[in-house]
Structure formats: C-alpha cells, structure tokens
Amino acid sequence: MANREGGEMMISVREAYKVLGSHQVLKGLNMSVSSNNIYGLLGPSGCGKTVLLNCILGMRNLDDGVIRLGVTDRKLVGYMPQEVALFKEFTIKEIFIFYGRLFGISRQLIHNRYNDYTTILGLPHWHSTIQSLSGGEQRRVSFAVTLLHDPVLLILDEPTVGVDSILSQRIWKYLVELSSQGKTIVITTHYVEEARHAHTIALMRAGQILREDRPDNIMSSVGVSSLEEAFLELSKKQDEGSEYMPIFRNRSIGKESGSPLNNDNRFNINRFIAQLIKNLLWMKRNTLIMSFLLLLPAMQSFFFCISFGQNPQNLNLIIYSEEIKGDGDQCANIDVKQRLYDCDSQSLEIPDVPLTCHFIAHLNKSMHISLESSMESARLNVLRNKAWGVIYLQSNFSLATIQRINEFIPTDNDTVDSSFAYITMDMSNYVVANYLRKQIIDAYIELKRALSENCNISDRVSSIPLKFETPIYGTNNPVYAYSGLPGFFCSFCFYFTMIFTSGAIMMEKLVGLLDRSLVAGMNYIEIVGAHIVVQFLLISVQKSIMLIIFYICFDNPLIGSVPLIILLLYCIEAVGVSYGFLLTEIFSSDRLVSYAGIGATLAVFSLGGIIWPMEGADILIRSWIWAFPVAPAIDSYRAIALKGFSLDHVQVYAGFLSSIIWTLLFSAISVVLVKSKRLQ
Ligand SMILES: Nc1ncnc2c1ncn2[C@@H]1O[C@H](COP(=O)(O)OP(=O)(O)OP(=O)(O)O)[C@@H](O)[C@H]1O
C-alpha cells in the first residue's frame, strides 16, 4: 500500500461504519496511517477511538467499510490496551515469560529485552509483583510487554493516561526513537499538548475524523495558532453539518468487513503451554482461594453427612395421662420386657404399673417424653413450641387396652374409647410431624406386641395384617439422606465447575487480559483447553475428597460401580464448564454471570429431587424432566449408587446421554456467540 506522498501506508480505513447497541459509533470514518510515522488520534471521551482501534485489530468487525493493513501477521502487531491488563499476582519476570512464550521468544532474549527496557523506561525490579507497583510503574510494564516481541505496528490506547509528565515525556521520546527505527505507532490520547510530538494528528469527533494532517498544517489550514482552537473550529463545522454530514447506514445495508489480521485458529502447543503454566501459576499464587476451593467441598460434604436427611432425634412429646399420679414416679425404671399383668386372673385388674408407663418406655426409645398434669398445660407447651405434640390417655387406659387385647372385640363403647391414645400435634413441619407420627405408631405396635406376648397370644393374629418383607432395594428403615445425596453431590459438581470457569474467564475478560491474549494470537481452543486441564486437576482432587467423606468417613450406601459414578460426575462437570463458558459469552458483567449461575444451580437443586422427589412434581415437569440439564444425571447416580444398575440400564445411560448432549449444546452456542461477536 502506498500513501499520497508515495510512501508506504500501514493502515487505511475507508468509509467505516459501526453501530453498537443503538449507538452509531463510527460514521463513514476515513483514516490513513503512513509507515514509520507516529499517528496521534486525538478526540474527546466517547468519540469512538477505542472502537476504531478494536476494528483495526480485528476484535470487532465493521458494519460497512474497509480496513487494510500493511501487516497481517499478529506477531507483527503490538497492542497496549487502555487498562493495565496484567496479572496482578505475577512478577514482571513471569509476565514477560508468559508473553515471550506466546510469541516464541527465547528466555535469553526476554531477559535482554527486559534489561533494555529498564534502561529506557526505568522498569521496576524483575521479581516485583504487579500489585506491588504504582500505577505509573504498572503502565511502564504494560508498555514494555507491548514492545517485547519487537512489533512493526504499535497500537497504544491512551498509554499516558494517569501517568506523570516526566514518564509521559519519556514514553513519547521513546516512541519517536521507535518510529525512526521503522515502527509505525498509532496512539490515542486526550492530551492535545503531547500529541504535537506525533508526525500526523487525526482530530476525531462523534465517529468521524475531522482532519488528519501534520499538526502545523492543521493549524494553518484552519487559520488558528493552536490545536485546541483548530479542534473547536472543526467541531463547529461538523455541528453545522457543512462538512461532515453524519450519514446513518444500517448494519444490514452495509457489507461486513472481515478482520484485517490473520487469525490462526490452529492449535499451537507453545501458546497452549503458556496459558496452562499461567493458569497453574495463578493457582499457586492464590493459595487462599485454592485452599478454600479444596476445603469447601470437604466442609460441604461433611456438613451434609451430619445434618441432611438424618432422622430427627430427641423430639419433645408430652404425655398427659389420667392413670399417672404426681410426677410419674410409678414409671421410673420400667423394663419393657417385664411381665405386664396376670393373664390367668379371671377378673381383669389394673396392673401394678399402668400400661401408660410401658407406652412411655417404648416412646422413650426415640423421643424425649415429659409428663404434664393437665391437658391445658400440655397444650400450652405445644403452643409455646416446647413440644411437638401431646398424647392424652384416659384413667382406665390400661384396663381398656388389656380388655381390647383379650376380647378382640370389646363389648362396650366406653371401653373402646378409653383404650384410645388421643394425640394432638404441631403439624407445621411436614417431615418432623410425619416422622413423629410414625414413631408413635411404632411405639404403640411394640406395646401391643408386648401385651400379646405377655399372654401368649400370637402377634400374627392380633397385629395389623401387613408384613414388610426384606426390601428389594434399600432398607425397611430408609434415611432421607441416602436419596438426597446424589442430588447434592451432582448439583455441587455442576455448580462448582460452572462458577470456577465463569469466574476465571470473567476475571481475564474484565481486566482486558483476554483481549490482550487474543490480539497476541491466542485462540479460544488454547484458552479453553488450558482451562479444562486445570479444572480437571482441581475437580479430581475435590471429587476424591467428597467421595472419601461420603463413602468412607460416613457409611452412605454405594452398591453400584464406583468408576461409573466417577465417570458420570465428570460428565456433569463438563456440563458445568460449558455452561460457565456460555455465560461469559452472553453477559458482560460478572454480577450477571453470578446471578445466571446461581439461578441455574437452584433450578438443578430443586429439579434434582434433593428437596423433594420429582414423583411429587407437577405432571408437566415430570414428563419433561429428561429435557433439563443435570436432572437425568442425578437420576442415573441414584440408580447406580442405590440400586446397583449398570450402564446398559436406560436410567443410567439416559444421564450420560443428557450430560453429553447439554455439553455439546452449550459449547455449540458458545462457539456461535464467539464467532458472531467477531462480527459485532
Ligand atoms: N459494546 C458496546 N455497546 C454499546 N455501546 C458501546 C459499546 N462499546 C462502546 N460503546 C459506545 O461507543 C462510544 C465510543 O466508545 P469508545 O470506547 O470507542 O470511546 P473512546 O473515544 O475510546 O473514549 P475514551 O477516550 O473515554 O476511552 C461510546 O459512547 C460508548 O458508550
């Protein structure tokens, strides 16, 4: 490319249009940057300088217009973003080595260049971490990183903002030296004064270049003595519309301009290793976060095992019995096996120790029983939340119960009524109330069995004719935690990988690290690949910790194949990684990413049958549950762990299939979004 004077042209932008949201940012912009020149892009905040640079670097595509560059290889371009965009926890040495690896520069050359930049720019010590440096020092390091691979074209987005005047002068002096060595430099700035050092100045306003020329030519052509005045004059003309009539071109009308720089979409092992080492180094530097990430699953699983789904214990229950006098001394030291009454006696009498005491003894096995002397005080205690219920037994409860056992069908209604235990409960808690109800029924069945045995009456005849045989799966006294654990474990694996993936990528994105790496030639395959390796290591350790706590420290049932369970968990984690990545492509703020992540986890939590079995869900949800992410995998886990099913069972392979399909779907949408963003 040649410029008007016959010299080489490094950048040529023609009729550039760009709309972002509802804002037309570039409006038919033209720009020409000659090789070996310093091109100062001067304009107020929001005029579109950064968007223009992004388009030149291929981070965004124009809606219409053409960009041509004198170089197409990313290795020949150096980009310094507006933000410092460096890893805060890393030392200067580590940052230099990271970017050096990206560009394939040897260690020796990296070190030599550091020494050169230290002389020129006064870089801090090689082993200083970025977070220990002042703002100005960080900018110097960022500038040096841009120069590290000796690029031909330098694009610097406000390198002197927030920098003291001495450093700013130093940077400009060095830029002049670089241009004399054959580099082309495009530099954006707000500061008119420092822009005078540039060979060419472009005055930009509202998405257009108002004038582009040598500084003195601009002033003389407008007939003023300063660049500020020239800018004001040209701005007035733009507002009057005499020279720069804004033309709105709709995105759909214009033809899209592709990236002016080549994108290397092939996997490059050096770049991948650079990214991988960087991720591992980040983990090493953030020991607090890493220990939290490893302790969190241990704590979560431990707390789950000791608190979730176990049967309620020591529930308070009150007995108000008219048979018992005073504070219940009669019931002290009851042996539930002792003979209850004399079956041979012809006339039935109240036994020495009333049956109430035996009933209490059976109830006491699983509950905490206290006696009250009146129904009013008993009810008051339930009202005051001191007990879960009251059992009222009438004065001739023992006699009526014995009579009922002996005669099978008692003769009079009074006897029938007196043999009843009248129960008034606090039913506000579903689980507690039902568990208590079962415990009371079990205690009564025990009492009745003891009474039957007392008189050698077969319990087979006197008891309810229902017999629960050895169950096919599980036990006759199931614990809710056993069926809740699969949902908890799987949801945690999904949540953790999703939040770690989105957190790691958003961290790089928000501070400009991702853009810097992408401009340097890194591609998404390398970035995501390196991330997956790190994730894999981390989740393997986490998973092992959780499996040990669940199945070795605590005796939760696991009758199926352990390798199959581990494989299933990796599949669920793949869904978490792909969903986390998708969120970072959909949202630009980490807050929104967190909201969407937590929202999805809550949905997984409730659809996974942890809180309540899906058999109780609405028919609409039940019939579509297979279509939700993670829920079928939780079902598979349950089938493997609690029923011992293998991969050839539909309930098991459905979970694997669902996880694979969701991973592919989330990944495919992410790829489409990444590609379409390039077009934005
Ligand atoms: N993703 C986006 N969506 C919508 N509008 C955007 C987006 N990015 C930038 N803009 C708008 O485009 C305009 C130009 O932004 P740009 O960052 O290029 O300004 P600038 O000239 O670089 O400003 P500064 O000097 O403050 O950095 C601004 O009004 C900004 O709000």
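Which strands does α1 lie across, and at about what angle does α1 run to β6? The points below take up this question together with the two sheets, the largest cavity and the annotated spans.

1. This is a predicted model, in which local features need pLDDT of at least 70 and side-chain atom pairs count only at pLDDT 80 or more, while totals for chains, interfaces and linings use all residues. Residues are numbered from 1 along each chain as its sequence is written, and side-chain values use heavy atoms, with hydrogens and water left out.

2. To take the opening question, α1 lies across β3, β5, β6 (153-157), β7 (184-189) and β8, and runs at about 150° to β6. Helices (H or I, at least four residues) and strands (E, at least two) are DSSP runs numbered from the N terminus, contact means heavy atoms within 4.5 Å, and angles run from 0 to 180 degrees between N-to-C directions, with axes fitted as lines to C-alpha atoms, for helices over the stretch in contact.

3. The strands just named belong to an open sheet of six strands with mixed pairing, in the order β5-β6-β7-β3-β8-β9, where two strands count as paired if DSSP finds at least two bridges between them. Its edge strands, each pairing on one side only, are β5 and β9 (208-213), and neighbouring strands are turned by 15° against each other on average, direction ignored. Within this sheet, β3 (residues 38-42) and β8 (residues 200-205) pair in the parallel sense over four bridges, and Leu 42 has Leu 203 of β8 as its bridge partner.

4. The other sheet to consider is open and has three strands in the order β2-β1-β4, with antiparallel pairing; β2 (23-34) and β4 (64-69) are its edge strands, each pairing on one side only. Strand β1 (residues 9-20) pairs with β2 in the antiparallel sense over nine bridges, and the bridge partner of Val 13 in β2 is Met 31. Helix α1 (residues 49-56) packs on this sheet as well, where α1 touches β1, β2 and β4 and its direction makes about 60° with that of β2.

5. Gln 24 is found in strand β2 and is buried, with a relative accessible area of 9%; buried means under 20%, exposed over 50% and partly exposed in between, using a 1.4 Å probe and protein chains only. Gln 24 and Glu 83 are 59 residues apart in sequence and 24 Å apart in space, C-alpha to C-alpha.

6. A search of the whole structure finds three cavities of 30 Å³ or more, a cavity being a set of points, on a 1 Å grid over the protein atoms alone, where a 1.4 Å probe fits but cannot get out, with lining residues having an atom within 4 Å of a point. The largest cavity has a volume of about 80 Å³, counted as the space filled by probe spheres set on the points, which are joined across faces, edges and corners. Its lining includes Tyr 99, Phe 103, His 149 and Arg 516. The largest share of that lining, three residues, comes from β5, and β5 (77-80), α4 (135-147) and α18 (513-519) each supply at least two residues. Helix α4 lies across β5 and β6, running at about 165° to β5.

7. An unreviewed UniProt entry carries the annotation "transmembrane region" for several spans, among them 288-309 and 485-507; UniProt positions are given in the numbering used here, feature names are shortened, and annotations may be inferred rather than shown by experiment. In the model, residues 288-309 are 91% helix and 0% strand, with end C-alpha atoms 32 Å apart, and residues 485-507 are 100% helix and 0% strand, with end C-alpha atoms 32 Å apart.

Methods
1 Å grid on protein atoms, 1.4 Å probe; cavity = no way out; pocket = protein on both sides within 12 Å on 5 of 7 lines; lining within 4 Å.
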